[in-house]
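Got the viewer open and a selection box ready? Let's take a walk through this one, stop by stop.

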Amino acid sequence: MIRKRKNRRKKKLNSNFRPAPFAAVVVVITIIASVYSYLQYSCQQLGNEIKALERQKNILKTRYMNEECRWMEDKSPENIKKALNRYNIVMQWPSARQVVRLRTPVVRNQSIASLDSDTTRRRRLAGAVMND
Amino acid sequence: MIDKSITGRFLFITVSLILIFIGLGVRLAFLHIGDHQEVLRRMKRKYYRERKIIARRGSIYDRNGHQNVLALTLSAKHVKADPKVISDKGLVREVAETLSHELDLPIDRLMVGLNSQKRYFSVKRFVPDTELDGLYKAKLTGIYFDDAVIRYYPQHELMCHVLGFVNNNGVGSAGVEQQANRFLRGCAGVVGSRINARRKEIYWEGGRYIAPINGADVTLTLDQNVQFIVERALDKVMEKHTPLGAWAIVEKVNTGEILAMASRPGYDLNKFRKSTENSRLNRAIGVVYEPGSTFKVVAFSAALNEGIVSERTVIDCENGSWFYMGRILRDSHGHDKLTVADGLKKSSNILTAKVALMLGRKRYYRYLKLFGMGNRMGIDLPGEEGGILHDEKRWSGISLSRIAIGQGVAVTALQMISAYCVVANGGYLVRPYVVSKIVSSDGEELYRRVPDPIRRVISERTALRMRKLLLRVTEEGGTGTRARVEGYKVAGKTGTAQKAIRGGYSNKDFVSSFVGFLPAEKPEIAIIVVVDTPHNGHYGGTVAGPAFSEIAEQTVRYMNIPPVSEVGL
């Protein structure tokens, strides 16, 4: 009986089963799975975050455009005129005698003749097609 | 017995499992052996979602750039409903009342639309985001929103004919919106991604992302304040003289930049669907009219340029009635003899006709073409008319004498102001334009307009002489005294043209106009005002003259154009 037991032990020792490499494989697989899960989770989180930020950006952009539009509407000449009327403010252009000019007028006139000779510019202009 | 029942069950389960696996195997075999490409495509489509990213249409600015936005794109929503969900829950009245209140819609239409078993009902399209706050808060069952964009014009009616509008498909359909649509529209982007069975995006699977290209921004040559001045002046004319229409243009004489272009009646660009075809017509470039005396500038310029006459040449004005080629030509006030200079000042038809006859029909026709009559000016706006000028070979015996005084020829206001710019800038016909530059959304300049002198029409000396003659029109004794501007010298011409009717000319319907430029010594801006069929007066000097004066006075102050000198030309 004692002999038999010994043999059994020997048999066990001689089998191909290696706990350490097996454990290593399991650990590696577990690590890879964990990393994959973590990456997946992070990715999901980042995706959600990006989406939320994009939504926020769109909301802000919309709000900005709406505000810009409202501002443009408020400062349009028509509305300024209405606002002045509301507060009984009458504004008039100064008469010619009231205008004091400190400098001699700058020569504003661009010579049209100089433009006539500028064929390059004209050619470029001709090449630009505006409409479809 | 027990053994047998266990065996039976075991067999049943085994057979069932075998059958299931055989079924799955057969299905699998079919999927692989058969037309699996189609299945694959269907599956990919099912688990792939693609969304269009709307590109923002470019903005339109006035000549001051970003300070004054004339057209911009706002986000909006299409409001839609699922009537089945609403009616199944018995919420038809409640939902209809809220929608009616928030969106200003008739409740009966909503009740009919929502009280059905359909799965789709369009409540309202293109609702601005700003108007949806109440609806968002109400959180109505069965109401959904689709993303959309709308074109908004903060100035409403201002510059309506120049700006134009965008139709429901986002295509520019009039004015600059149409002309520069290629630049303004931009290009939509795409975002595509894989989704799981719960329709949630699988981020780590990657996807397709094509960024939208926003439309380019267009900067105009027009100034919103000058435009406002012009439109206000036209509104006054419309109120005082109740004409069929009135239109005006302000142009820089040296460069051809249009500073303002207005037409009445107008319309609110944000409600263009409610406007009429008549109000949408840009009369400044799209209506041709017989110009009357303002057209005399062509005959006088040509005659002076050719040396046929001088300012001092005296011509017999036949005491206001001249029988020529079987027809009578009259002056509004009879004169015996006048110099050419006085003939223009007093706007004598007979003198002008005689000057044109001295010039000859071939030479006069050549000058008409040089001034751009009968051809489009080539402005960068859609809908420009070219006017009516018959070929010289088709002229009758009296055509020359009549065309010289602005009858038997039709022009647009743009052609007329361009002709006066020739005199004002020293003899060049310059192409007018409204688009100054186009800049892409990433800041790259795609287009920049430079002044385009088409040709020299008259010599610089002739232009100067004509300026002196036209200056006399607004001086004491001239027809255009009401077009004067305090502190400035104005050169211009009045026009009172009988409207052509079948078989002749009307005695009660007129087109009154005034064209001029200032400061006369060194012209900067030219202005034309045209009034179609005015009441309470019909002379160009009394109807269009004051409007010209009002526009000119405020524009020179606003643009800080100084009066040149006191010494004269």
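A disulfide here is a pair of cysteine sulfur atoms within 2.5 Å. With that in mind, the structure holds zero disulfides over all chains. Keep in mind that you're looking at a predicted model.

**Stop 1: the cysteines.** Select A:Cys69, which takes part in no disulfide. The nearest cysteine sulfur belongs to B:Cys160 and sits 17 Å away, and since the cut-off is 2.5 Å, that rules out a pair. A:Cys69 is buried, at 4% relative accessible area. Then jump to B:Cys421, which is buried as well, with 2% relative accessibility.

**Stop 2: chain A as a whole.** Show chain A as a cartoon and you'll find five helices and zero strands. Going from the N terminus, the order is simply α-α-α-α-α. Of its 132 residues, 12% count as buried.

While you're in chain A, pick A:Asn88, in the loop between helix H3 (77-86) and helix H4 (112-116). Its phi is positive, about 55°, although A:Asn88 is not a glycine. Is A:Asn88 buried or exposed? At 67% relative accessibility, A:Asn88 counts as exposed.

**Stop 3: another positive phi, in chain B.** Go to B:Ser347, in the loop between helix H14 (340-345) and helix H15 (349-359) of chain B. B:Ser347 is not a glycine either, yet has a positive phi of about 60°. This residue is buried, with a relative accessible area of 10%.

**Stop 4: helix H13 and its neighbours.** Select residues 296-306 of chain B, which make up helix H13, together with residues 361-370, helix H16. Their axes come within 10 Å and cross at roughly 115°, so H13(B) and H16(B) are roughly perpendicular to each other. The crossing is right-handed. To see the contact, show sticks for B:Val298, B:Ala299, B:Ala302, B:Asn305 and B:Glu306 on the H13(B) side, and for B:Arg363, B:Tyr364, B:Arg366, B:Tyr367 and B:Leu368 on the H16(B) side. By type, the contact residues split into six nonpolar, one polar and three charged.

Now hide H16(B) and bring up helix H19, residues 460-473 of chain B. The axes of H13(B) and H19(B) also come within 10 Å, crossing at roughly 135°, and are therefore oblique to each other. This crossing is right-handed too. From H13(B), the contact involves B:Val297, B:Phe300, B:Ser301, B:Leu304 and B:Asn305; from H19(B), look for B:Thr462, B:Arg465, B:Met466, B:Leu469 and B:Leu470. The tally is six nonpolar, three polar and one charged.

**Stop 5: two cis peptide bonds.** Zoom in on the bond joining B:Arg264 and B:Pro265, which is cis, with omega about 5°. B:Pro265 sits in the loop between strand S10 (258-264) and helix H11 (277-280) of chain B. Next, try B:Leu518 to B:Pro519, a cis peptide bond with omega near -15°. Here B:Pro519 is in the loop between strand S20 (504-518) and strand S21 (525-532).

**Stop 6: B:Thr542.** Finish in helix H20 (residues 540-558) of chain B, where you'll find B:Thr542. At 30% relative accessibility, B:Thr542 is partly exposed. Which residues does B:Thr542 contact, leaving aside its neighbours within four places in sequence? Select B:His241 and B:Arg482 to see them. Lastly, put a distance label on B:Ser513: its C-alpha is 9.4 Å from that of B:Thr542, with the two positions 29 residues apart in sequence numbering.

Technical notes:
Residues numbered from 1 in each chain as written. Chains lettered and ligands numbered in written order. Predicted model: local features only at pLDDT ≥ 70, side-chain atom pairs only at ≥ 80, totals over all residues. Heavy atoms only, no water. Axes fitted to C-alpha atoms, helices over the stretch in contact; angles between N-to-C directions. Helix = DSSP H or I, 4+ residues; strand = E, 2+ residues; numbered from the N terminus. Parallel < 35°, antiparallel > 145°, perpendicular 65-115°, else oblique. Left-handed = near helix turned anticlockwise from the far one by under 90°. Contact = heavy atoms within 4.5 Å. Nonpolar A, V, L, I, M, F, W, Y, C, P; charged D, E, K, R; others polar. Buried < 20%, exposed > 50% of the residue type's maximum accessible area, 1.4 Å probe, protein only.
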